[in-house]
Each structure stands twice: as C-alpha cells, then as structure tokens.
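Work through these exercises with the structure open. Each task is followed by a solution in steps.

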Amino acid sequence: MNDSAESQSSSVTDAPEKGAKDEPKKVPENFQDQLAYAWEYIGGVYGTILTILPVITYIVVNALTGMWPAIWASIGTAVLVGIFQLLRKEKLAAAFVGLGTVLITSGVAVFVGEAKGYYLLGNWITVGIGSILLLSVLVRRPLIGQVWSAANLQGTFWRKDRKSLFYYDVATLLWSFLSFSRFAVERWLYNMDETTWLGIARLVMGWPLTFFAVMTSIWAVRKVDGRRKLHDPNYKDPKQQAESEESGPADTETARSRGE
C-alpha cells in the first residue's frame, strides 16, 4: 500500500550496478528489521498520518456539524496534504491519489444523501479484494505468492512445492480474512447508522491490521526463500554468483595473456 521523487543527478549517482536489477530482493532476516520493513511498507509515520488526516477530519466535523461541512473540510484537508506532498517534491501521483480518493468518496456520500455514504465505496472495495484473494487460493495461485514471485524474480517453483504453496496460502488467506472482517464490521455499523463509529472502525481496522498482514507475508516469504535451495532448479547462491562474476573477467585476462 509515499514514494519520494528523486532528482536527476541523484538518480544517476545512485543508479544500480549492472546486473543488480536481476537480483531478487530479500526481506530482512531478524525480527526487528522485519518490523521496520513492514512499517516502512505501509508508509511509516509520515505516510500514515497523511493518509488518515482527511478521514479524521471528516469524522470530527461530521460529528460536530453535519455532512456538507465534513465533506468540504475533508476535501480541504486532502488539498493541503497534496500541496504538502508537492512541496516535498514527491511524485505527482502520490499528491493526487489521496485527493482523488476523497473526491470520489465524498461524491458517493452526496449521491447516497447520507454522511455514512462516505465509507460505502471503501467497504465494497474491501470485500472485493477479499474475494479476489480467496479465489486465488481456491485456484491454487495464492495472490501473495504470485505478486512476490513476479516482482522479485523468485520463479514459480513454489507452486510445485507443497510447503511453499502452503505458506503463501496462509498469508493470502489472512489478507482475505481481514478484508472480510473489515467488511462485516463496517457493514454492520453502516446498517446501524453509526456514522462516527463507522469512521473510527475504518481507521482502527485499517493500518494496524494491514501491518499485521504484512508481517505474516514476510514470514511466508522467508519460509519460501528458505526452501529455494532445495526445490528451485534455477536457484543460484548470490555469493557464489557474485564470486563467479568477479573471477570471470580475471580468468579471461589471464587466458589472453597466455595466448589461449
């Protein structure tokens, strides 16, 4: 789920060495670093605050006044957040995604004619995501495994290894379960017309549960990575590969000097 824009000069000096893009990424090995990795993945303190500010504004203003003031206050907060992101030279997309989301959710509230409509679209998106995740497990293509292996060049060996498939099933099912849980709670509050508590539930069941799900995904990835050496025919030890790449040019020069 706050990418900082890089200047042209820094992108040149910090460019990865040749072949680095072909190396799979790895999650941290110790638990403390995994916590930091998961927290950074969901946006960290800065990203989390910017994301929830428009929602908090909507909850507070709606409870004190009503829907229309809350809508305008939420949109205004989203605009200020976008301006702040632009001033920090973040990517244009990062600045406009939050504003676009608030405009859409506010539009739904206006269409429904009730303040609780502000949360309606997000509720249905949540159950949609949960359904897709569950379906991916049922067809033996758990989405967590699919996404991670595609993004990090892990290969598809884990589909034939039962334990690896099981680990990704667990991670994917947890994401699905949490999505359905959020949908059930928020739908119940929606039907009860508990608009304020609906907003609070959206916040409380948002980032904390996402953080927990990310930690579970890290556990699954670590488990599957540990089985690559035994079950992935295309696995190459990164250290051995680096040593062979370093020794390759030297061996070539030696052969040339000997006239081979």
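The exercises below deal with helix packing and aromatic pairs in this predicted model.

**Exercise 1. Classify the packing of helix 8 against helix 9.**

Solution.
- Step 1. Start with the axes. Helix 8 spans residues 162–191 and helix 9 spans residues 195–204. Their axes come within 8 Å and cross at roughly 170 degrees.
- Step 2. Apply the cut-off. Angles over 145 degrees count as roughly antiparallel. Helix 8 is therefore roughly antiparallel to helix 9.
- Step 3. Add the hand. This crossing of helix 8 and helix 9 is left-handed.
- Step 4. List the contact. Helix 8 supplies Arg182, Val185, Glu186, Leu189 and Tyr190. Helix 9 supplies Trp197, Leu198, Ala201 and Arg202.
- Step 5. Sort these residues. Six are nonpolar, none is polar and three are charged.

**Exercise 2. Do the same for helix 6 and helix 8.**

Solution.
- Step 1. The axes of helix 6 and helix 8 come within 8 Å. They cross at roughly 150 degrees.
- Step 2. The cut-off for roughly antiparallel is over 145 degrees. So helix 6 is roughly antiparallel to helix 8.
- Step 3. Helix 6 passes helix 8 with a left-handed crossing.
- Step 4. On helix 6, the contact residues include Leu120, Trp124, Val127 and Leu134. On helix 8, they include Asp169, Trp175, Phe180 and Phe183.
- Step 5. The contact of helix 6 with helix 8 divides into 12 nonpolar, eight polar and four charged residues.

**Exercise 3. Describe how Tyr58, Tyr118 and Tyr119 are linked by ring pairs.**

Solution.
- Step 1. Count the pairs. The model has seven aromatic pairs.
- Step 2. Take Tyr58 and Tyr118. Their ring centres are 3.7 Å apart, with 10 degrees between the planes. Planes under 30 degrees apart count as stacked, and this pair is stacked.
- Step 3. Place the two residues. Tyr58 lies in helix 3 (residues 44–64), and Tyr118 in the loop between helix 5 (92–112) and helix 6 (120–138). The pair therefore ties together parts 60 residues apart in sequence.
- Step 4. Check burial. Tyr58 has 0% relative accessibility, so Tyr58 counts as buried. Tyr118 is also buried, at 4%.
- Step 5. Take Tyr58 and Tyr119. The centres are 5.8 Å apart and the planes stand at 85 degrees, so the pair is edge-to-face. Tyr119 sits in the loop between helix 5 and helix 6, 61 residues from Tyr58. Tyr119 counts as buried, at 3% relative accessibility.
- Step 6. Combine. Ring pairs join Tyr58, Tyr118 and Tyr119 into a cluster.

Technical notes. Residues are numbered from 1 along each chain as its sequence is written. This is a predicted model: local features need pLDDT of at least 70, side-chain atom pairs count only at pLDDT 80 or more; totals for chains, interfaces and linings use all residues. Side-chain values use heavy atoms; hydrogens and water are left out. Axes are lines fitted to C-alpha atoms, for helices over the stretch in contact, and angles run from 0 to 180 degrees between N-to-C directions. Helices (H or I, at least four residues) and strands (E, at least two) are DSSP runs, numbered from the N terminus. Angles under 35 degrees count as roughly parallel, over 145 as roughly antiparallel, 65 to 115 as roughly perpendicular and the rest as oblique. A crossing is left-handed if the near helix is turned anticlockwise from the far one by less than a right angle, and right-handed if clockwise. Contact means heavy atoms within 4.5 Å. Ala, Val, Leu, Ile, Met, Phe, Trp, Tyr, Cys and Pro count as nonpolar, Asp, Glu, Lys and Arg as charged, and the others, Gly among them, as polar. Rings of Phe, Tyr and Trp (its six-membered ring) pair if their centres lie within 6.5 Å; planes under 30 degrees apart count as stacked, over 60 as edge-to-face and the rest as tilted. Buried means under 20% relative accessible area, exposed over 50%, partly exposed in between (1.4 Å probe, protein chains only).
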